[in-house]
Amino acid sequence: MLIPLLAFTMHKYYISLCEVEYIEEKQSIQIITGLFIDDLELALSKLNNTKINIATNKEPSNIDEYFKEYLSNNLKLTINSKKVEFNYIGREYDDNLVRFYLEVTNVKKLESIEITNTCLLKYFEDQQNIIKLKVKNYHKTFYLDNNNTKGVLNFQK
Amino acid sequence: MKKSILTILSLIFILTTSLAQETEQKTSVQKGHYNISKFKQLNEELPTPNKEHTASGAPGYEYSQQQVDYKMDIILDDEHQKIFGKETITYHNNSKDDLDYLWIQLDQNVRSPNSKSPDINGGGPSALYTPAKFTKTFMGKPFQGGFNIEHVKDINGLDMSYMINSTMMRLDLSKPLASGEKLQFNIKWWYNINDYMAERGRSGYEPFPDGNNLYVIAQFFPRLAVYNNVEGWQNMQFWGSSEFALEFGNYDVSITTPKDHILNGTGVIKNPKEVFTKTQYKRYEAAKNSFDKPVFIVTPEEALEAEKGKSSETKTWRFYAENVRDFGFSSSRKFIWDAMAVNFNGRTVMAYSLYPKEGNPLWEEHSTRVVANTLKVYSESTFDYPYPHATSINAARQGMEYPMICWNGGRPGIDGKYNERTKKGMIGVITHEVGHNFFPMIVNSDERQWTWMDEGINSFVEILAEYKYDSELFPLTKYPKNITGYMSGDQDRISPIMSQGDNIFNFGANAYSKPAAGLFILRQTIMGPELFDHAFKTYAKRWKFKHPTPADFFRSMEDASAMDLDWFWRGWFYTTGNNDIGIKEVKKYHVTDKPTEQAENLAKRYGISIDQLPPSLYLVSEDSKDFTEDIRGKKPEDYSILNSYIEQNFSAEEKPHIKSPKYFYELVFEKPGDLVMPIIVEFEYEDGTKERKQYPAEIWRLNDDEVSKVFPSSKSITKITVDPDEETADVNLSNNSWPKTTENKFENFKKNQIKG
């Protein structure tokens, strides 16, 4: 049987990986989030009622606008009990993946972080969004899905 | 003065007492332990070798396996999507045991209304329910699937007694079937075929808007379970995920379909003149000489014509398949059929593809060529493909394998256009499923127990076959680093590869990608292609048409290569650990002929004076108190004791070939990861040149956390990188370089983004 990451195989994974790291010296929260291109293509196409190609020669020239909008609607961060916006640094295509680089700046101290990730959940019932959080030597992994879309971590004692 | 002596004395006293305390504490709390070395042999994990599965990993002289032959008459009712069958089974008991009963697999029962399969999956309510999902989950009338067994009779027509436990049927014998005897009996059955697009499944039918169905039919008849000396009867239930364990045998199968259907299946068509038109038959025969490109047997025009009709007449396809473990077939009015011949040392094997027009132009361009390429590459890695054909069927959303035939997804858009990803996916799935002919259809491991043995090994050879087909679309550079994301994940959600297939998290990464990545590392980095390929081929040849176990694979790989790989199997297959090796410290040393403190201590221990030490050179690190500026930059040859030794012991011809290191480095490697791996080091010198050194994994055998190595060099080193090509699945690259790079992946990207 085939399981690899193909849109048409029945047991395909619906998975995304979002790595979040806080770098204190830079007062920065660095986010790298990877999604399967064909899944995101389907989500953006349904959302915009038109076929949106990603990473092909038919890709719209303003594709980053679509990405930015989608991410800001589906990846929400609350830092130290305040909602924050991230900067869209850019994206790269790697095989069947697209990786987004996002950054929250001016975070002097990290007391708590709350991440809501609803990417692709609406279109794939089995979608699982994994969040890997790293703060210095502390690691935490959240497995988010349609039942649970939010991961919260509190550093205050 | 007095005071200071007292202080020193008291210091010494404190030191000695604290030392004594430490030793005392250590002896009182330190406990013994079992052998916890990562290089401990696997004898306790592997089953004891016996005369069927030997210590070398080969089948032993008492190896035996059962044979089961099937004679079947099948009717495919396209009108009502039902299938009817009558089968005569001949069971050959080749084991040394007498059998009181036989176990028969009823895989279709996984879809019966009272199937327990949906009940084993836990989970709370979903965040949202589409209307389709809601009705299916809470309101829907269950699909009336599953086998309807009409009768089980002996050859005299008398009913036999049986009991059905979900997907397994026990056939009770009136008298035990003795070793060496055979038993014949008949089963009559039918079932409703599922619409696999709605119900999911490895078989069923795909309905098209034009009213036609495309059938992919498998696990469709009661099949004997495996009986052997490893599991006894392999009668673990089929929950829908872990696949099959089956015996080899010969199949004589007749399939009756509507007259306008085109069909192919496991085995050779015995009556091609009756089922094809005259022209099609001519093409069918002519294709056997087309070695350079695919040719049509059923043309797109003929398929288009056929799919418009709906014949009420029938025809019967007759198949014969020798030494196969299963039978599958696919049938539809919509099929186009193309073919290409492949030569194996003078024997012709046919590569076939059957697809509806919806698969074009993708399928006519690639499918049959991919089948041919897969057979060639896999044969080079194992043995010549022994069957007469390999067929790729285009079925939406499928990816499933049977002997000689498999179902593969991948279709262009409605406009006939497709992008590179669709093409890549389609080539990937065909290569994977055709590759399964070798693992597990021929090298017939127990899929119900060990998913990795067929999926993992197959996914590994798949990498090589895809690369051969299109090296740009399938570069090798993504392996094995593709697995680091999974291996560095939450340990609570990872199971060892050596776990039964129904009980693993992340099926794909666990049973497909991780074993494939492991074999890739073994081949490219640990063993090297020459040793690996021979050992891998040895395993495949030994277990061709037999039932290997994991131990047979592990043992064969070592037996044929003289490499002790127990540490690799233990770490990669039996644990969930990952690899993280880094460079912790680099110390620079200089040469002197003046004895160091360490040398003095050595002399003291032997009770001799320094002068009595043999004439020697000493390495001094820059931060040591023995270091003096005058030795900086001195070459070993600057010291007369070395020079005179060289003069006396090397000939004039040898002298120019002597290496003359000037810089000495102590490299300290750390290993925060659980796994042991070779250390691959790249040195970059002041003049920009580079050099590599690979230390075997055994370097870790006495210290699992940290090792050091002295590295002599004629040039000053400016940069050191551990595993520069990322060939050991190192999950953390932040400790892989010296001097330490402070930029992570994110910052690198950001920098390039601003530049670009």
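**Close-up views of chain B**

Buried residues account for 40% of the 756 residues in chain B, and the model shown here is a predicted one.

**View 1. Chain B as a whole, to get your bearings.** Along the principal axes, the C-alpha atoms of chain B fill a box of roughly 115 × 60 × 60 Å. As you trace the chain, you will meet 18 helices and 31 strands. Contacts between residues at least 6 apart in sequence often reach much further along chain B: 73% of them join residues at least 24 apart.

**View 2. Strand β14 of chain B, covered on both faces.** Here we zoom in on β14, residues 262-265 of chain B. On one side sit B:I262 and B:N264, and on the other B:L263 and B:G265. Each of these four residues is buried, so to speak of either face of β14 is to speak of a covered one.

**View 3. β14 and its partner β18 in chain B.** Strand β18 spans residues 329-332 of chain B and pairs with β14 in the antiparallel sense. Four bridges link the two strands. To find your place in this view, start from B:L263, whose bridge partner in β18 is B:S331.

**View 4. The four-stranded open sheet of chain B.** Stepping back from the pair, you can follow the strands in the order β8-β9-β18-β14, with antiparallel pairing. At the edges stand β8 (204-207) and β14, and because each has a single partner strand, one side of each is left without a neighbour in the sheet. From one strand to the next, the twist averages 10 degrees.

How values were computed. Residues are numbered from 1 along each chain as its sequence is written. Chains are lettered from A and ligands numbered from 1 in the order in which they are written. This is a predicted model: local features need pLDDT of at least 70, side-chain atom pairs count only at pLDDT 80 or more; totals for chains, interfaces and linings use all residues. A residue is buried if 20 or more other C-beta atoms lie within 10 Å of its own, exposed if 12 or fewer, and partly exposed in between; C-beta atoms are placed from the backbone. Two residues are in contact if their C-beta atoms, placed from the backbone, lie within 7 Å. Two strands pair if DSSP finds at least two bridges between them. Axes are lines fitted to C-alpha atoms, for helices over the stretch in contact, and angles run from 0 to 180 degrees between N-to-C directions.
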